[in-house]
Amino acid sequence: MNAKTVLFPNGRRVPAIGQGTWFMGEKASEFRSEVSALQLGIDLGMTLIDTAEMYADGGAERVVGEAIAGRRDQVYLVSKVYPQNAGGDKAIKACEQSLQRLDTDTLDLYLLHWRGSFRLEETVRAMESLQQAGKIRHWGVSNLDTADMEELWHVSGGEACMTDQVLYHAASRGVEYDLLPWCREHEVPIMAYCPLAQAGQLRHEVLHHPVMQQLARARGVSSAQIALAWVTRFDNIIAIPKAVQHDHVRDNAAALTLKLNPEEIALIDQAFPTPAQKTPLDIV
């Protein structure tokens, strides 16, 4: 089976499962293993890498920069700007510092990490300036709910937004009520962070749920692969799990070719029902 991909509005196609880097770059002792994990992921087809200036105060970007050295053209590179830097000269400086840490001239995609005090119009103007300077190819947002996206669409140039990166996994389905339909209608792909749930009890509840375990046994795969296949069951969702252990990296990559059937999806939907009403956007 062919690996799942997602088409961005600009016509660029990327793998439906990429690599996240949250919590990377925090310990010097783990630098080499984190670099190795990202390189293995690239080798296995997870060529979209997501990072942010916030992660380990730029440490994650340095890990990514080392991992993509000599193979930048193989990677679709995404980073994010702090809300307090998302306008005017601050945005230019923040992007330049990210580029320096990543040891590259251009980002494929630059995201507003979440809303702050800068008006969306100011952020859009900053993103356009960065595009004109060749420092970023495209831009998008993260942690914006439906009303925020509607507001963005009323800003001149706002419709150039390429993606909205939000928390999404089987136990956090609030975005399905109105944000996912809105994004589908406006042809804005969703980038799902923490697609296997955040570390801790919630992640345990998702991956060790009897239904996930049952489906994994029946398919001869891991419950993490089932969970990723569920998140990427639509053609407009990109999952960006983080992995450092090589077996976890291979697990994630294998989910690129795993497609759940309607009966399997129905079982997961029963185990993790979607909210019947609007809920606040989950953010971690």
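Strands β7 (residues 136–142) and β8 run parallel and are joined by two bridges. This is a predicted model, so treat what follows as a tour of computed geometry. One of the links can be named: S142 has Q165 of β8 as its bridge partner. On to the next neighbor: β8 also pairs with strand β9 (residues 190–193), again in the parallel sense, and here there are four bridges. Q165 turns up in this pairing too, standing opposite M191 in β9.

So is β8 buried or exposed on its two faces? In a regular strand, side chains alternate between the two faces of the sheet. For β8, which spans residues 164–167, both faces are covered. D164 and V166 are buried on one side, and Q165 and L167 are buried on the other.

**A helix tucked inside**

Now for α2 (59–67). Why is this helix described as largely enclosed by the rest of the structure? Because seven of its nine residues are buried. If you want to find them on screen, look for G59, A60, E61, V63, V64, G65 and A67. Note that E61 is in that buried set, along with glycines, alanines and valines. The cover over the buried residues comes from several elements, including α1 (31–43), β4 (48–50), β5 and α3 (88–102).

Just past this helix is R71, placed in the loop between α2 and β5 (76–81). R71 has 15% relative accessibility, and buried means under 20%, so this arginine counts as buried. Leaving out residues up to four places away in sequence, R71 touches Q39, I42 and D43. Those three positions fall within the span given for α1 (31–43).

**Loop residues compared**

Most residues other than glycine have a negative phi. A56 goes the other way, with a positive phi near 55 degrees, and so does E187, with a positive phi near 60 degrees. A56 sits in the loop between β4 and α2, while E187 sits in the loop between α6 (179–185) and β9. That puts A56 in a loop leading to the enclosed helix, and E187 in a loop leading to the strand that pairs with β8.

Here are the loop residues with their accessibility:

| Residue | Loop | Relative accessibility |
|---|---|---|
| R71 | between α2 and β5 | 15%, buried |
| A56 | between β4 and α2 | 26%, partly exposed |
| E187 | between α6 and β9 | 63%, exposed |

**Stepping back to the whole chain**

How many helices and strands does the chain have? The secondary structure comes to 11 helices and 10 strands. The radius of gyration is 18 Å, which agrees with the value near 19 Å that a compact globule of 284 residues would have. Along the principal axes, the C-alpha atoms fill a box of roughly 55 × 45 × 35 Å.

Burial is part of the picture as well: 55% of the 284 residues count as buried. Among contacts with a separation of 6 or more, 78% are between residues 24 or more positions apart.

As for the surface, the chain exposes about 12300 Å², with carbon and sulfur atoms supplying 49% of that area. There are 27 positive and 36 negative side chains. The centres of those two sets of charges lie 4 Å apart.

Terms used. Residues numbered from 1 in each chain as written. Predicted model: local features only at pLDDT ≥ 70, side-chain atom pairs only at ≥ 80, totals over all residues. Heavy atoms only, no water. Rg over C-alpha atoms; globule rule 2.2 N^0.38 Å. Buried < 20%, exposed > 50% of the residue type's maximum accessible area, 1.4 Å probe, protein only. Contact = heavy atoms within 4.5 Å. Areas by Shrake-Rupley, 256 points an atom, 1.4 Å probe, with all protein chains shown as cover. Lys, Arg positive; Asp, Glu negative; His and termini not counted. Charge placed at Lys NZ, Arg CZ, Asp CG, Glu CD. Pairing = 2+ DSSP bridges.
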